[in-house]
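Trainee: Could you walk me through this one before I set anything up? I'd like to start with the ligand and then look at the rest of the chain.

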Amino acid sequence: MIPRRRIPLEWADLADALRALGGSADAAAQVAAFERAFSAEVGVPHAIATASGRDALGLILDGMGLGAGDELVIPAYTLGELVPLVQARGIVPVPADVDPDTFNMTADSVAARIGPRTRAIFVVHLLGAPCDIRGICALADARGIPVIEDCAHAFGARIDGRPAGSFGRAALFSLEATKAVAAFGGGILATADDGLAAAVRARVAGRARREWPAVRKMLLKCVEEFAVRSPAYAIAARLMFSPRSAGGFDRLYRQAHDRVRSRAAAFSGFQARLGLRRLARSAARQQRLNAQWETLARSLPSRFRVQRRSECGEPAFYNFVARFDGDIAALRAAAQRRGLDLGIGGEVMDDTAAMLGFADCPGAAAAAAQAVLIPLYDGLSERRLRRTVDILHRLAEELE
Ligand SMILES: *Cc1c(COP(=O)(O)O)cnc(C)c1O
């Protein structure tokens with residue numbers, strides 16, 4: 001089975017885990033060093049390590065004073081779990097449609113959703129492809145509305161040479177195991193706003209720092225990774241991702257992760273050391289991923305419409321997602337029988353407009369109905385990449 005994703009694990013991670021369990025006298029210094037390195041990468045004065053990307057978003061919303069009755073423009077196609085996080089604060093999320101070719105919102109779709117109660121605009125650079133952040137910031141500035149950038153997928157992406165995350169009032173990054181700078185959880189809040197940074201620092205300062213939770217998560221991921229690479233996984237995956245049980249399994253997986261995330265603990269020394277190592281290698285990793293992405297984009301059959309990404313800046317390819325003009329559930333089932341694990345539906349992203357009862361976001365509806373996640377990650381071999389392309393060519397013909 002060619003799995004959908006692969007957790008980046010190194011022997012050095014284990015050594016760090018042991019060191020963390022042996023005591024963490026220098027944890028605070030390590031976290032500070034990681035924050036400085038991260039802020040240098042993004043090109044903003046403040047980078048604050050948080051419990052997760054979502055935690056960073058919550059801290060930004062609270063720090064900017066958004067509350068009950070305020071409207072927040074959000075992407076109509078993004079991670080659905082961000083919606084309840086916004087609603088829990090009484091904030092009203094208003095989805096702006098996406099261009100189904102880029103999966104990103106546009107300045108026009110954002111402008112159409114701004115009203116007298118709009119207090120902020122939340123934009124995402126989906127799957128590492130920069131959105132038209134300049135256009136969106138221009139219209140937001142003209143109205144005095146702050147922009148929040150979701151860079152969970154976009155570490156390393158640039159717009160006219162300037163890093164994603166340095167355009168809005170504040171940005172969030174995710175350090176989840178599947179994201180670019182993987183530290184087994186955690187997030188970064190980046191901002192050039194001194195007042196916001198001070199308010200957020202004051203809130204995270206009181207949190208307890210414990211080394212064990214992230215270490216435990218890494219060990220669990222090791223088990224998961226081992227299972228995914230074993231031959232038995234092909235059978236298990238067929239059961240878990242069958243049309244009948246896929247939704248349930250996806251929910252279970254998300255809930256398990258939510259439980260880990262819900263405790264807003266301080267970022268640990270272990271995570272900081274991992275993060276520092278990943279940062280040092282991120283440019284080389286990104287180059288390898290980009291090359292693989294280009295290969296896949298060139299070789300797919302024409303029934304796959306590849307994400308259009310070059311228009312607004314340099315992407316940092318995060319995942320490979322294309323739209324398939326056909327039955328994606330049938331495609332996924334057939335691919336699985338041939339040993340290729342594709343993602344569809346909520347395993348890619350969610351139609352937040354539909355979640356919120358808006359029927360006027362056709363771009364998000366098209367994206368949700370057609371998006372297929374094709375395996376692409378650092379460490380995917382040439383042979384497996386070619387095999388992926390071969391399987392998809394055969395299936396595109398078979399599933400006429
Ligand atoms: C992963 C992700 C986040 C949040 O990251 P966590 O660290 O998992 O909380 C935010 N937005 C998008 C689009 C994501 O994919």
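Trainee: What lies 2.7 Å from an oxygen atom of the ligand?

Mentor: That is a polar side-chain atom of Ser-174. Please keep in mind throughout that this is a predicted model.

Trainee: And how much of the ligand's own accessible area does the protein cover?

Mentor: On its own the ligand has 380 Å² of accessible area, and the protein covers 97% of that.

Trainee: Which ligand atom does Asp-150 approach with its side chain?

Mentor: A polar side-chain atom of Asp-150 is placed 2.7 Å from a nitrogen atom of the ligand. There is a backbone partner to consider as well, since Gly-53 has a backbone N or O atom 2.8 Å from an oxygen atom of the ligand.

Trainee: How many residues surround the ligand, and which are the closest?

Mentor: The ligand is surrounded by 15 residues, and the closest are Arg-54, Asp-150, His-153, Ser-174 and Lys-179. In terms of character, the shell divides into six polar, five charged and four nonpolar residues.

Trainee: Switching to helices, which residues of α8 are buried?

Mentor: Helix α8 runs over residues 212-229, and its 18 residues reach 26 Å from the first C-alpha to the last, close to the 26 Å expected at 1.5 Å a residue. Its buried residues are Ala-214, Val-215, Lys-217, Met-218, Lys-221, Glu-225 and Val-228. They cover an arc of only 155° around the axis, which puts them on the same side of α8.

Trainee: Why would residues spaced like that point the same way?

Mentor: An α-helix has 3.6 residues a turn, so residues three or four places apart point the same way.

Trainee: What does the face of α8 turned away from the buried side carry?

Mentor: That face carries the exposed residues Leu-220, Val-223 and Phe-226.

Trainee: What about α2, how does its span agree with what you'd expect?

Mentor: Helix α2, residues 27-42, has 16 residues that should span 22 Å at 1.5 Å a residue, and its end C-alpha atoms are 23 Å apart, which agrees. Its buried residues are Ala-27, Gln-30, Val-31, Phe-34, Glu-35, Phe-38, Ser-39 and Val-42. Viewed down the axis of α2, these buried residues fall within an arc of 165°, so they line one face of the helix. On the other side of α2, the residues Ala-29, Arg-36 and Ala-40 are exposed.

Trainee: And what follows α2?

Mentor: Gly-43 follows α2, and its phi is positive, near 75°. Likewise, just after α12, Gly-339 takes a positive phi of about 90°.

Trainee: While we're on α12, which residue caps its N-terminal end?

Mentor: Asp-327 does, with a side-chain oxygen 3.0 Å from the backbone nitrogen of Ala-329. Within α12, which covers residues 328-337, the buried residues are Ile-328, Leu-331, Arg-332, Ala-334, Ala-335 and Gln-336.

Trainee: Where is Leu-127, then, given that I want to check its backbone?

Mentor: Leu-127 is found in the loop between β7 (118-124) and α6 (133-143). Its phi is near 60°, a positive value in a residue other than glycine, and at 3% relative accessibility Leu-127 counts as buried.

Trainee: Is Asp-160 buried or exposed?

Mentor: Asp-160 counts as exposed, at 61% relative accessibility. It lies in the loop between β9 (158-159) and β10 (162-163), and Asp-160 also has a positive phi of about 50° although it is not a glycine.

Trainee: Last topic, pairs along the chain: how far apart in space are Ala-371 and Phe-324?

Mentor: Their C-alpha atoms are 6.5 Å apart, with their positions 47 residues apart in sequence. Ala-371 belongs to strand β17, residues 371-374, and at 1% relative accessibility Ala-371 counts as buried.

Trainee: What about Glu-294 and Phe-267?

Mentor: Glu-294 and Phe-267 are 27 residues apart in sequence and 35 Å apart in space, C-alpha to C-alpha. Glu-294 has its place in helix α11, residues 269-299, and counts as partly exposed at 37% relative accessibility.

Conventions. Residues are numbered from 1 along each chain as its sequence is written. This is a predicted model: local features need pLDDT of at least 70, side-chain atom pairs count only at pLDDT 80 or more; totals for chains, interfaces and linings use all residues. Side-chain values use heavy atoms; hydrogens and water are left out. A residue is near a molecule or strand if one of its heavy atoms lies within 4 Å of it. A polar contact is a pair of N or O atoms within 3.5 Å; within protein, one must be able to donate a hydrogen and the other to accept it, and residues adjacent in sequence count only if both atoms are side-chain atoms. Accessible areas come from the Shrake-Rupley method with a 1.4 Å probe; for residues, only the protein chains shown count as cover. Ala, Val, Leu, Ile, Met, Phe, Trp, Tyr, Cys and Pro count as nonpolar, Asp, Glu, Lys and Arg as charged, and the others, Gly among them, as polar. Helices (H or I, at least four residues) and strands (E, at least two) are DSSP runs, numbered from the N terminus. The expected span of a helix is 1.5 Å times one less than its number of residues. Buried means under 20% relative accessible area, exposed over 50%, partly exposed in between (1.4 Å probe, protein chains only). The arc is that of the directions from the helix axis to the C-beta atoms.
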